[in-house]
Amino acid sequence: EGIKCILFDLDNTLTTAHSKTLDEPTITLINKLKRQSFQVIIFSNSPKKRVSIFKNILGVDCCPFACKPFARKFLSIIKIYNLKFSEVAIIGDSMMDDIYGGNNVGITTILIEQLEQKEYFIASLKRKKERKIQKKLRDNNLFTKGRYYE
């Protein structure tokens, strides 16, 4: 599809919201992507202190305090790495942050299930709104959980 750079959300995408470790399948996936020449970047709203732990474990770049869904850091990554919008994808568990932010700047977005239900209070408020949005989209056949495209 022409994707060269994958932005990964951290909390509830790569690891649970309060964890300081990664499971082996996640490490294996990231290493496989790096071997396939993908630029992998942890793109998180979390602070640098938290994001740096996983940056060091995985040996990838990171963008802490990404302020998703705002466009500024998305655009900064595209400029710094000299990428086209069509060459960047974001993978995350939040429609309100990851998906809306990525769609807003015109990159490929991939929504995944959150790893656990336990999360920060603000995130739980966003989840309620996300469920309403998803229901409305499902009712109009615009969103199907579990549907994949080739």
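Exposed, as the word is used on this tour, means a relative accessible area over 50%, while buried means under 20% and partly exposed covers what lies in between. The model in your viewer is a predicted one, and the stops below begin with a helix.

**Helix H3.** Select Arg72, Lys79 and Ile80, which are exposed and sit on the other side of H3 from its buried residues. Then change the selection to Lys73, Phe74, Ile77 and Ile78, the residues of H3 that are buried. If you look down the axis of H3, these buried residues fall within an arc of 145 degrees, and they therefore line one face of the helix. An α-helix has 3.6 residues a turn, so residues three or four places apart point the same way. To see what this face meets, display strands S1, S2, S3 (61-63) and S4 (88-92) together with helix H4 (95-105), since the buried residues of H3 pack against these elements. Before leaving, step just past the end of H3 to Asn82, where the backbone takes a positive phi of about 55 degrees.

**The aromatic pair.** Keep Phe74 selected and add Phe43; a search of the whole structure finds 1 aromatic pair, and the centres of these two rings lie 4.6 Å apart with their planes at 50 degrees, so the pair is tilted. Phe43 belongs to strand S2 (residues 39-43) and Phe74 to helix H3 (residues 72-80), so that the pair links distant parts of the chain, 31 residues apart. Phe43 and Phe74 are both buried.

**Thr13 and its surroundings.** Next, move to the loop between strand S1 (5-8) and helix H1 (24-35), and select Thr13 there. Although it lies in a loop, Thr13 counts as buried, because its relative accessibility is 9% and the cut-off for buried is under 20%. Show side chains and you will find that of Thr13 joined to the side chain of Asp93 by a polar contact of 3.0 Å. With neighbours within four places in sequence left aside, Thr13 is in contact with Phe8, Ile91, Gly92, Asp93, Ile112 and Leu115.

**The cysteines.** How many disulfides does the structure hold? The count is 0, and Cys62 makes a useful selection here, for the nearest cysteine sulfur to its own is that of Cys63, 7.4 Å away. A disulfide would need the two sulfur atoms within 2.5 Å, so Cys62 is in no disulfide. Finish by colouring by accessibility: Cys62 is partly exposed, with a relative accessible area of 22%, whereas Cys5 is buried at 0%.

Methods. Residues numbered from 1 in each chain as written. Predicted model: local features only at pLDDT ≥ 70, side-chain atom pairs only at ≥ 80, totals over all residues. Heavy atoms only, no water. Buried < 20%, exposed > 50% of the residue type's maximum accessible area, 1.4 Å probe, protein only. Helix = DSSP H or I, 4+ residues; strand = E, 2+ residues; numbered from the N terminus. Polar contact = N/O pair within 3.5 Å; in protein donor to acceptor, adjacent residues only side chain to side chain. Contact = heavy atoms within 4.5 Å. Phe/Tyr/Trp six-rings, centres within 6.5 Å; stacked < 30°, edge-to-face > 60°. Arc of directions from axis to C-beta.
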